[in-house]
Amino acid sequence: MDIRNVAIIAHVDHGKTTLVDGMLKQTHTFRENEAEMDQTTILDSNPLEREKGITILAKNTSVMYQSANRRTKINIIDTPGHADFSGEIERTINMADGAILVVDAAEGPLPQTQFVLKKALEQQLKIIVVINKIDRKDARVEEVEREIEELFLHLVTNVDDLTYPVIYAIGRVGKAWDPFPLDINASGDLTMLFEAILKIVPPPKAASEKPTKMLVSTLDFDDYKGTYAIGKLLQGTIKPHQTILLLEENKKIGQYKIEQVFTSVGLKRVETPQAQTGDIIAVTGIPDVAIGQTITDPSDPTGYPVIKLEEPTLKILVSANTSPFAGREGKFCTARQIHARLIKEKQTNIGITITPNPQGAGFVVAGRGELHLAILLENLRREGYEMQVGKPEVILKEIDGATQEPFEEITIEIDSAYIGVISEELGKRKAELLDTHTNTRGSTKMVYKISSRNLLGFRGDILTKTRGNGIFATRFIGYFPLSAVVPKLRNGVLVSFESGKSTGYALQTVQERGKSFIGPGIPVYAGMVIGLNNRGVDIDINVCKIKKLTNIHSANADIAIQLDPPTVFSLEQCLDFVEEDELLEITPLNLRLRKKFLTPQERNRVDRGLSAKV
Ligand SMILES: Nc1nc2c(ncn2[C@@H]2O[C@H](COP(=O)(O)OP(=O)(O)OP(=O)(O)O)[C@@H](O)[C@H]2O)c(=O)[nH]1
Ligand SMILES: [Mg+2]
């Protein structure tokens, strides 16, 4: 059978997963009456992906494409476009022999477009450019095409790579054209795209006569068969009951017998008596297998080099909850349970690292960014874990005898009306303006260099100030000498100094002083952060106070109190918010911010540089 392996890569939201919908539907992967025919972003199957509307995990699927004279199996690898999940690209790009680079016709190439294209070119993949969303009113196709050309010129090392086909598409309705269509409303389909894949993406460099060899790129688990090792079969064939060696580079891990062999058919995994060289397959029977290891025939004990990964730049301390409410809401609350779960995560989420806290209890979990860490913690709490985390911190490095910190390039494209707000905010954060220009759709693009540390919390803040308008995208650019540190930008907090239940009466005072994070009737403990102060300092406040009764009727006085709805932060927003002297308590039911030291006396002693024990 003829096979093609193609990865779909792009900046976040440029329409990769939607384009895959069209490819699945138009190749009759589903029956006409199957539910998927009415679904969108079908591959974003995990609940958090659906909620957030983004792809988090790279996934592979396959379609059968019938051209004039042959049938071809096309394995499609859909990848996430958010920079925090770049580890997913690094893990899966080695299965592809070509890539479809999707670029939004209005937004043009953005930082992650550059990152993914660079990764694809490093793997020597043939590229098909798809300028997508040409139906957008603010599409600026010609200009975007030129910007893509510049990007290629900047990145290629081989002149042949400067020749690539460009296809124009409306992924959302499953249409693609080359050349640009006269009428985008005319009927159409994705034939042009499929034909380009057959023409441009080479068949896998398969050596079927050689001994079996496969690089493991993905793991999957189920209760019946255990662990599935998934990857491209680069050499030979593989059958059930075959004996294989598992290697990490050239180091032998063990010898195993393959149990079952699967190939993907649409979204399903189907058992096969023998896999074909070059196909993306799954095998069972190797319980301890890890991503990046090589499965090989014992006659040829050489493994592939380990997968190259960019290093994590942000870390967070995760430990067992120590708040007065610890253990009330979670199913798994002990340090041991949390550790075991984190170790399991590391098996598939290869962009993270986990190390015991050198300064005490808990584990330092490091990842690529705030969203990377937030998604992990959100998954844990949904599974019933309870824990506490500290403020996310950037990872510093000693380079040439000096301490350096990670820097990012942030690209902002926004309506000119907001330029002032942005410049002011980034000025405060000591960002350096690298470039600015206005494009034909009238928005201004600004590129700044800024330390990751000074960028923390920027996104939430600026999205509010610009009312969600504009594009913000960052790209890690390397380690540089420490930048000037920004003084704390956040206001002080309101801290409960009593344990009990909040009352509407007391919350009135909170409301006068700032913003409340809780409504009435909520259990609180001394040291819990219950609101944001209007001023810079923290203040302790009694939120459980009950109005002195003057007569029987005023027992209902709370009912008449007009309270603003509480400000409720998402987990990501909490991570942005939390300061060094605070902790975030994460349980399946609640997110509570607290002071590390619960009583005002302890905090005073710490402020004066004394030990906290009173
Ligand atoms: N106007 C227009 N919108 C589109 C088109 N294709 C996709 N979209 C929309 O763009 C948004 C993002 O689409 P996705 O397919 O999730 O994008 P993605 O590239 O997979 O995003 P990530 O995987 O998170 O990086 C969705 O709201 C789509 O409906 C198109 O051709 N035209
Ligand atoms: Mg997607």
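In the model, which is predicted, the centres of domain 2 and domain 4, taken over C-alpha atoms, are separated by 55 Å. The domain assignment places domain 2 at residues 213–296 and domain 4 at 493–578 + 591–607, with domain 1 spanning 2–200 and domain 3 spanning 397–481.

The surroundings of ligand 1 comprise 21 residues, among which T17, T18, I54, T55 and G81 come nearest. Helix α1, formed by residues 16–26, supplies the largest share of this shell, namely three residues. By residue class, the shell around ligand 1 consists of ten polar, six charged and five nonpolar residues.

Several loop positions carry backbone features that deserve separate description. The peptide bond leading from D178 to P179 is cis, with omega near 0°, and P179 itself is placed in the loop that runs between β7 (175–177) and α6 (191–200). Positive phi values in residues other than glycine occur at Q124, where phi is near 60°, and at D400, where phi is near 50°. Q124 lies in the loop between α4 (111–122) and β5 (126–132), whereas D400 is located in the loop between β21 (397–399) and β22 (402–415).

The exposure of these two residues was assessed from their C-beta neighbours. Q124 counts as exposed because it has 12 such neighbours inside 10 Å, the criterion for an exposed residue being 12 or fewer. D400 likewise counts as exposed, since 6 C-beta neighbours are found inside 10 Å of this residue.

Note on methods. Residues numbered from 1 in each chain as written. Chains lettered and ligands numbered in written order. Predicted model: local features only at pLDDT ≥ 70, side-chain atom pairs only at ≥ 80, totals over all residues. Near = placed C-beta within 6 Å. Helix = DSSP H or I, 4+ residues; strand = E, 2+ residues; numbered from the N terminus. Nonpolar A, V, L, I, M, F, W, Y, C, P; charged D, E, K, R; others polar. Domains from an automatic or database assignment. Buried ≥ 20, exposed ≤ 12 C-beta atoms within 10 Å, placed from the backbone.
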